[in-house]
Structure formats: structure tokens, C-alpha cells
Amino acid sequence: MIGDFVYLVTTQYSYDIFALEEDQNIVPGIIINNEFREIPLSDIQYVEIPEESKTITNIVSVNIEDGKDNVTAKMFLLGNSQILFVSYDNIYITYSVSNYNYDMLKEAIEEVIIPNLPESFVEEINTIKYLQHLTDYQKKTVTEWIIQNYTKTLSENKLSHLSREINKRFERTTIHRIKIDNGEIEYVAQGSIPGSVEDQFSLSEYDGYLRVSSTIQGWSISGLFSSRETQNNVYVLDMDLNLIGSLEGLAPGESIYATRFVGDKCYLVTFRQIDPFFVIDLADPTNPTVLGELKIPGYSTYLHPYDDDHVIGIGMDGRRVKISLFDVSDMSNPIELSKYEIVNDEYEWYWGNSYALYKHKAFLFEKEKNLLVIPAGNYNQQSAYVFDITVEDGLELKGKITHESGTQKEGEEKDEDDYGYYDYYWYDHGYSIKRSLYIEDVLYTISDNMVKLNSLEDLSEINSLELT
């Protein structure tokens with residue numbers, strides 16, 4: 001929702017016309033007040049560089065304050081829409097691919113490989129082009145065999161360089177920018193970057209630029225090269241989605257686990273064995289620069305700004321859920337100011353887990369109240385961990401709130417014969433806390449089966465409501 005308008009984004013598959021039943025309609029439409037409105041085929045837009053996917057992306061805007069205002073609906077053939085990021089002025093839709101065809105392979109060979117290729121290999125590759133009895137798939141396969149023989153002759157440095165350059169061509173994310181303004185919807189631009197994006201926090205619009213973080217995994221050409229090394233990058237695009245700035249090759253061999261853009265800074269976490277926490281300067285959009293780096297055990301999957309000089313991270317360290325408070329006041333020397341690791345009580349051998357690792361709406365933070373609440377526990381059960389969080393004292397656990405069936409009171413010993421309690425895979429997840437919120441001085445925690453109210457002052461229980 002932006003202003004008085006709600007924007008609804010959906011996708012649907014455009015079926016092959018020959019696979020339809022006699023009474024089926026291929027023309028999409030919308031239903032307003034039980035009235036079906038067909039969308040004219042001439043109104044379905046397609047992009048300059050079409051995707052192979054037959055997926056239609058629908059964007060509908062509704063004025064929630066004026067019931068008489070017409071609903072606006074636009075439909076686009078954009079490919080398999082994946083990650084969605086929305087600013088006040090634009091909707092960005094991304095689509096990542098990691099494969100290639102014979103034409104893409106030929107282009108990469110001509111521009112990247114042939115300049116350094118011995119003449120004998122060049123002759124073999126050129127011969128394949130003119131074998132008309134072979135299909136493109138067969139030509140691609142034979143060409144790959146030739147390249148594999150060539151790469152066996154290369155040093156590790158040359159092999160790594162060649163792998164990076166070709167991966168940037170074959171693993172790419174297409175980005176579409178759709179302008180929104182008081183309910184109006186207009187397709188504006190299409191661009192692309194190397195690699196794939198992790199989530200909506202991998203994109204950010206700021207001061208007329210789109211910033212994007214991506215990871216190139218290297219799977220697309222793993223058959224061509226004996227080694228595979230991931231690449232992590234940050235790109236800056238203008239509003240026409242032309243690439244104007246890049247920072248490539250961060251933490252080679254690792255993958256991006258978390259990104260957060262705050263103003264003209266980017267905080268980035270990569271991981272394989274340790275957790276490099278990067279501070280990146282984007283003040284000059286044409287020249288992104290690493291200002292500082294911190295290496296600590298574990299990793300973060302979600303980053304949240306505490307204030308201009310501090311960032312909260314939630315992730316894992318071994319089997320335990322870990323919360324960190326980073327101090328970035330000296331951007332060239334970020335430090336982990338405070339941390340807290342959640343132990344799984346008597347079931348410490350279980351892997352820790354938290355909905356907040358992957359769902360940012362499970363994360364509750366209010367700076368004015370020094371309040372941080374996250375659900376955490378294990379695969380079986382997650383409780384709400386309530387923290388006091390300040391720069392002066394760091395993270396201090398205030399208490400834990402747990403939901404349990406009304407048939408068992410808090411503090412009462414559990415029957416070891418209860419179905420599923422000691423069985424890791426059959427436990428009832430209905431009392432696992434997924435969300436929390438506060439109203440005035442009352443903290444509400446929500447699971448599928450219960451809503452519980454506790455005092456924010458001392459976490460004493462006020463009331464609870466069973467939902468099943």
C-alpha cells in the first residue's frame with residue numbers, strides 16, 4: 001500500500017492454446033464486484049528482450065479511499081517473476097537464469113576464449129559451426145568437449161579468470177522497472193546483472209539509482225571447468241537500468257547470506273566457514289568501494305539497522321541461533337559490539353532455528369523501548385525471546401515466552417509418552433511462535449494455535465486465547 005492505493009502483483013501461466021479444453025479461455029481478466037472484465041490481448045505487454053517462460057505478471061492498483069475510482073490492471077509477459085522489490089515510485093521484478101544455449105556459447109567463445117586460444121582449438125570450434133547435419137544441442141555438446149580439453153592445459157590462475165568471465169555471461173538476473181504513481185502503472189525499463197539475487201533486501205533504490213547485490217554460483221559451467229568458485233558482487237544501475245558502477249569479486253568461494261542498504265552504505269554478509277561482514281561505500285554510484293570488513297564465526301541471514309552507527313544481525317553459529325549488534329561508527333573497522341547465542345535447553349543436540357532467519361516480519365524491534373523480540377528454538381518448538389538492546393549494555397535477555405496446550409500448564413512436567421513430544425519429526429508445530437507485536441505496554445505473541453498477552457515491563461502473563 002502506497003498512499004491511498006494498494007498494488008496487487010500476481011503471476012499466472014499462459015497455457016499452450018492447443019492444450020486447452022473447448023470451453024477454456026486463454027484471455028486473462030479481472031473480476032470487480034462479481035463482474036468479469038476481459039483484458040484485451042492487445043493490452044498485454046511484452047518486453048524488448050522476451051523471456052522463454054510463458055508466465056504472465058499481473059499488476060492491479062485499487063484506490064481504497066474512493067470506491068468509485070476505476071481499478072487499473074496491467075499485464076506483462078516478463079518471464080518467471082521471482083524476487084519483488086517496491087519503492088515509493090517503482091516496482092522492480094527480477095528473473096534469474098543459469099543456463100545457456102549454443103548461440104550464447106558461441107558468443108562467449110568468440111569474445112572471451114578465442115583471443116587466447118591456440119590455433120588448433122580455434123579450427124576445431126569453427127568446424128563445428130558448419131556441420132549442418134548436427135542440431136544446435138549436438139553442436140553445443142561437441143564444442144563443450146573441445147573447451148574441456150583446452151581448459152586442462154591452463155594454469156589455475158588462467159582457469160579461474162576464464163571461469164569468472166564466462167559465468168558472468170551465463171548466470172544473470174533480468175530486472176524490470178515498472179513505474180507507479182497514484183494508481184497508474186507504466187512499464188519503463190529492462191536491464192540485467194551477472195549472478196542471482198537472494199531476496200528483496202538485495203535491491204534498493206536510492207537517490208535515482210538501483211543498487212543490487214548478487215552471487216554467481218558457477219553451476220552453469222561446472223561441466224566445462226574442473227573447478228567452481230562463487231563470486232559476490234554489488235552493482236549500481238541508473239533508472240534506465242543501465243549498469244553504471246560495480247564492485248566484483250567479494251569473498252571468492254563464499255555466498256551472500258544477507259544484504260542491507262542504508263542510505264549510501266551497504267552492509268553485506270557472505271559465508272562459507274566464517275562470517276565476513278562488509279561495509280561498502282556507495283556515495284559515488286560509479287565507484288562502489290569496500291570501507292571495512294569484519295571476520296567472525298558463523299553468519300547472518302538478516303540485517304536490520306539499529307541507528308546510523310549500529311546494525312543488528314540474526315543468523316547461526318554452528319547449531320545455535322546467534323544475534324549480533326555491530327558497531328559501524330568507524331566504517332573502516334566494524335566491530336561486533338555484543339552477541340547472544342540461544343541454547344536449545346535440554347535438547348541442545350537439536351539444530352537451532354528461528355523464523356526470523358528467513359522471514360523478516362518475525363523480527364520485532366523498537367529502539368525507543370530498547371525492545372528486540374525474535375522467535376527461536378528448534379525444529380520442534382520456537383518461543384519468543386525478549387531482549388533489552390542498547391548500545392551501552394548490548395544484548396540482555398529479559399525473558400522467554402512459550403505457547404503450550406491448555407491441557408498442560410506452564411511449569412508442569414511433560415509426559416514422556418505424549419505422542420510426538422520426544423519425536424523430532426512428529427511434533428505439533430501449532431504452538432511454535434511465529435509473530436510478535438506490541439500495543440502500548442502489552443506484548444502479543446502469536447502461534448497457529450494461540451495468542452498470548454504479556455506485560456512488557458516484567459513479561460508476566462496477562463491473558464491467552466486458544467485458537468483451536
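Here a trainee and a mentor talk through the terms used for this predicted model.

Trainee: Let's start broadly. How many helices and strands does the protein have?
Mentor: There are four helices and 31 strands. Of its 468 residues, 48% count as buried.

Trainee: Why is Ser354 called buried?
Mentor: Buried means under 20% relative accessible area, and Ser354 comes to 1%, so the label applies. Ser354 sits in the loop between strand E23 (352–353) and strand E24 (364–366).

Trainee: Which residues does Ser354 touch, not counting those up to four places away in sequence?
Mentor: Ser354 touches Ile314, Val321, Ile374, Pro375, Ala376 and Gln382.

Trainee: And what makes the approach of Ser354 to Pro375 a polar contact?
Mentor: The side chain of Ser354 reaches the backbone oxygen of Pro375 at 2.4 Å. The cut-off for such a pair of N or O atoms is within 3.5 Å, so the distance of 2.4 Å passes.

Trainee: Now strand E5. Why is Val62 called partly exposed?
Mentor: Val62, in strand E5 (residues 55–63), has a relative accessible area of 34%. Partly exposed lies between the 20% limit for buried and the 50% limit for exposed, so 34% earns that name.

Trainee: Which residues form the nonpolar surface patch with Val62?
Mentor: Met1, Val6 and Ile64 join Val62 there, and together the four have about 360 Å² of accessible area. Patch members need over 30% relative accessible area; Val62 has 34%, so it meets that requirement.

Trainee: Asn63 is also in strand E5. Is Asn63 buried or exposed?
Mentor: Asn63 has 14% relative accessibility, so with a limit of 20% it counts as buried. A polar atom of its side chain lies 2.9 Å from the backbone nitrogen of Glu65, and for the backbone nitrogen of Asp66 the distance is 3.1 Å.

Trainee: What makes a group of residues a nonpolar core?
Mentor: The members are buried nonpolar residues joined through side-chain atoms within 4.5 Å. The largest such core here has 25 residues, and Ile312, Ile323, Phe363, Leu372, Ile374 and Ile389 are those with the most contacts inside it. Strands E19, E20, E21, E25 and E26 each give two or more residues to this core. Apart from it lies another core of 20 residues, including Tyr100 and Ile128.

Trainee: Which residues does Leu372 contact, leaving aside neighbours within four places in sequence?
Mentor: Among them are Ile323, Phe363, Phe365, Tyr385 and Ile389.

Key:
Residues are numbered from 1 along each chain as its sequence is written. This is a predicted model: local features need pLDDT of at least 70, side-chain atom pairs count only at pLDDT 80 or more; totals for chains, interfaces and linings use all residues. Side-chain values use heavy atoms; hydrogens and water are left out. Patches are made of residues with over 30% relative accessible area and no salt bridge: like charges are joined within 9 Å, nonpolar side chains (Val, Leu, Ile, Met, Phe, Trp, Tyr) within 5 Å. Accessible areas come from the Shrake-Rupley method with a 1.4 Å probe; for residues, only the protein chains shown count as cover. A salt bridge is a side-chain nitrogen of Lys or Arg within 4 Å of a carboxyl oxygen of Asp or Glu. Buried means under 20% relative accessible area, exposed over 50%, partly exposed in between (1.4 Å probe, protein chains only). Contact means heavy atoms within 4.5 Å. A polar contact is a pair of N or O atoms within 3.5 Å; within protein, one must be able to donate a hydrogen and the other to accept it, and residues adjacent in sequence count only if both atoms are side-chain atoms.
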